[in-house]
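Grab a pencil and open the viewer. Here are some short exercises, each with a worked solution.

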Amino acid sequence: MRVPVITGADAFSARTAPPRPTTPTKATKIAAVRTALPPHRYAQDDLTEPIGDLCLPPGADRAVLRRLHASAGVRTRHLTLPIERYSDLRDFGQCNDAWMAAGLELGEEALTGALQDAGLEPTDVDLLVCASITGIGAPSLDARLAGRVGLRPDIKRLPVFGLGCVAGAAGLSRVHDYLRGHPDDTAVLLTVELCSLTLQQRDHSPANLIAGALFGDGAAALVARGSNCANGAATEPGRAGPSVVATCSRLYPDTEQLLGWDIGASGFRVVIDAGVPGIVRDHFGLHLRAFLGEHGLTIDDIETWVCHPGGPKVLAAVTDTLGLPDDALDSAWHSLATAGNMSSVSVLHILQNTWQFRRPEPGAWGLLMAMGPGFCSELVLLRW
């Protein structure tokens, strides 16, 4: 593997910090976030042997599988189907049909719930960004949802495939870009990830076994409003959510092979390289510090960290490279433990939990961040 050469903003050097920013006039207001999880919830220990039956040849030693399940940081996960039904999925077509059927149900639950929380109607939505990397469709999921939930016929739609785990953060960034130019509009980011449907049967590769130990299923919807809009229900005392202040996207050169899919007749075969935590340790902190420095901030100014839970090694690498306190990423560890890595859904799940249960003080700075195929990262600077 070639080590990326970091240039420009990543080669962060000392400079005089500009004055600390205030929330800009054209800030995007996050009005609500809602997660929807499938009804089939399992303890991690109850999934180990059934997943072994799916992935390992008969009579194979299961010691490695059991160690992976025990060390994944996951206690419970939600699956799209009852575990005993996965052996009935014989090909990619059947898996994708299950993704579409369940994705519509979960997507509708998340979308309508988020709009209700924001005090809005489906007809208030001007843009719907819909991200998934675990299934495909044409018409896309968002087009099929429009009539089900009562979106306007002139709704702007943007289906997104390929961003993977980073899509929760990158999708929010692109919604922010849109609302800066359309400050009277309301936009929704919807992510639907049914990771269990991508598990490859009779594939005992390390990557497939890791995926079988780590990933869970879910959907999430985030409602965002332009600067000219009221915040709806979120303006009630104690309910106000954060505003998006700035965003940053970063591709790491020569790392395309680290994470993603090999797509073939059986569907999506996961690629997870052991070098991901090393890239995080060597380079992620440099560009994160540079991004904060551009806005007159340092790591110490960030009170709330909303970090995608890529897995125990990735979370440990983020903590180490940023020099964070041991409890700074507790919300990510908790999401991983209770729901697994839900790809693009996870960072929105963590944002929802932070909003509901931790509720930062007004004026507090937060940073939402995720990484995904590319290899890439996305940073979203928040202010409560």
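**Exercise 1.** Work out how many residues of strand S4 (residues 127–131) are buried, and which way they point.

*Solution.* Strands here are DSSP runs of E with at least two residues, and helices are H or I runs of at least four, both numbered from the N terminus. Buried means under 20% relative accessible area, exposed over 50% and partly exposed in between, using a 1.4 Å probe and protein chains only. By that cut-off, five of the five S4 residues are buried. Leu-127, Val-129 and Ala-131 point one way, while Leu-128 and Cys-130 point the other way. In a regular strand, side chains alternate between the two faces of the sheet.

A word on ground rules: this is a predicted model, where local features need pLDDT of at least 70, side-chain atom pairs need 80 or more, and totals for chains, interfaces and linings use all residues. Residues are numbered from 1 along each chain as its sequence is written, and side-chain values use heavy atoms, leaving out hydrogens and water.

**Exercise 2.** Find which residue in S5 stands opposite Val-129, and describe its surroundings.

*Solution.* Start with the pairing: S4 and S5 (residues 156–160) run in the parallel sense over five bridges, where pairing takes at least two DSSP bridges. Leu-158 is the one opposite Val-129. Next, check its contacts (heavy atoms within 4.5 Å): leaving aside residues up to four places away in sequence, Leu-158 touches Leu-128, Val-129 and Cys-130. The C-alpha atoms of Leu-158 and Leu-128 are 6.3 Å apart. Finally, Leu-158 is partly exposed, at 42% relative accessible area.
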